[in-house]
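Student: Got a minute to walk through this model with me? I'd like to start with the rings and then hop around a bit.

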Amino acid sequence: RSSDLVGGTSEIPEHAWKGSAGGFSNQWPQPAYQKQHVKNYFDSAMVVVTGPLHMLLPASNRYNGSKCGFPDVSAQADNFLVIDRGELLSVAGTSCSSPTFSGIVSLLNDIRLRANKSTLGFLNPLFYKHPSIFNDIVEGSNRAGGRCGDRGFPASKGWDPVTGLGTPNFPKMEALVRSLK
């Protein structure tokens, strides 16, 4: 796997969008840069035995938590306006959040190029090393059904399998990419 996977959020203040994909791959191994983040997620789920995180986790036979978790990051995914055949429509989905996040990455690469630096390249190791450049999403879940049934994954402090590391905090991202060689 060589790209960022983008989840979705909704509203302000942001919370996990219920239709956001998220969970764990059955195919891709968990990358080293992600291991501690996934461990922290499950450790917090085990500590909060009587709280909402434990109650909302899908049954463990529905996913493989030792594989690559997704998404890596998120962006707004709800209430996007598009024009279709002259009609204004409100749409939602990671088909909205992915290009939004890509636009942010384009702006970051532009900052680097204007400073005569290289583009950022593969972003995941950088992002997982600097999670503070994201707005951590701690509310909501992706309980829209699917393989995990009615119990999707809840958002929580740090990386989670519904919003990843969170949504871009552009001023923090900009400061980081300007500081890199």
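**Aromatic cluster and beyond**

Tutor: Sure. Ring pairs link Phe24, Tyr41, Phe42, Tyr63, Phe153 and Trp159 into a cluster. Rings of Phe, Tyr and Trp (its six-membered ring) pair here if their centres lie within 6.5 Å; planes under 30 degrees apart are called stacked, over 60 edge-to-face, and the rest tilted.

Student: Before we go on, what kind of model is this, and what cut-offs apply?

Tutor: The model is predicted, so local features need pLDDT of at least 70 and side-chain atom pairs count only at pLDDT 80 or more, while totals for chains, interfaces and linings use all residues. Residues are numbered from 1 along each chain as its sequence is written, and side-chain values use heavy atoms, with hydrogens and water left out.

Student: OK, back to rings. How many aromatic pairs does the structure hold?

Tutor: The structure holds 12 aromatic pairs. One of them is Tyr63 with Phe153, an edge-to-face pair at 5.0 Å centre to centre with 75° between the planes.

Student: And where do Tyr63 and Phe153 lie in the chain?

Tutor: In distant parts, 90 residues apart: Tyr63 is in the loop between α2 (52-56) and β4 (67-70), and Phe153 is in the loop between β8 (134-135) and β9 (167-168). Those labels are DSSP runs numbered from the N terminus, with helices being H or I of at least four residues and strands E of at least two.

Student: Are Tyr63 and Phe153 buried or exposed?

Tutor: Both Tyr63 and Phe153 are buried. Buried means under 20% relative accessible area, exposed over 50%, and partly exposed in between (1.4 Å probe, protein chains only).

Student: Switching to charges. How many salt bridges are there?

Tutor: The count comes to four salt bridges, a salt bridge being a side-chain nitrogen of Lys or Arg within 4 Å of a carboxyl oxygen of Asp or Glu. Among them is Lys39 with Asp43, whose closest N and O atoms are 2.6 Å apart.

Student: How far apart are Lys39 and Asp43 along helix α1?

Tutor: They sit four residues apart in α1 (residues 32-47), so about one helical turn separates them. An α-helix has 3.6 residues a turn, so residues three or four places apart point the same way. Lys39 is partly exposed at 44% relative accessibility, and Asp43 is partly exposed too, at 33%.

Student: Which side chains meet in a salt bridge at 2.9 Å, N to O?

Tutor: Those of Glu174 and Arg178. Both lie in helix α5 (residues 170-179), four residues apart, about one turn of the helix. Glu174 has 23% relative accessibility and counts as partly exposed, as does Arg178 with 47%.

Student: What about Asp84, which residue is its partner?

Tutor: Asp84 forms a salt bridge with Arg85, with the closest N and O atoms 3.5 Å apart. Asp84 is partly exposed at 34%, whereas Arg85 is exposed at 81%.

Student: Anything odd in the backbone there?

Tutor: Arg85 has a positive phi of about 50° although it is not a glycine, and it lies in the loop between β6 and β7 (87-91). Most residues other than glycine have a negative phi, and most peptide bonds are trans. Asn79, in the loop between β5 and β6, also has a positive phi, near 65°.

Student: Where are cis peptide bonds found?

Tutor: One joins Ile12 and Pro13, with omega about 0°, and Pro13 is in the loop between β1 (6-10) and β2 (15-16). Another joins Phe70 and Pro71, with omega about 5°; Pro71 is in the loop between β4 and β5 (73-76).

Student: Last topic, helix α3. What span should it have, and what does the model give?

Tutor: Its 21 residues (94-114) should span 30 Å at 1.5 Å a residue, and the end C-alpha atoms are 30 Å apart, which agrees. The expected span is 1.5 Å times one less than the number of residues.

Student: Which α3 residues are buried?

Tutor: Cys96, Ser97, Phe101, Ile104, Val105, Leu108, Asn109, Ile111 and Arg112 are buried. After α3 comes Asn116, whose phi is positive, near 55°.
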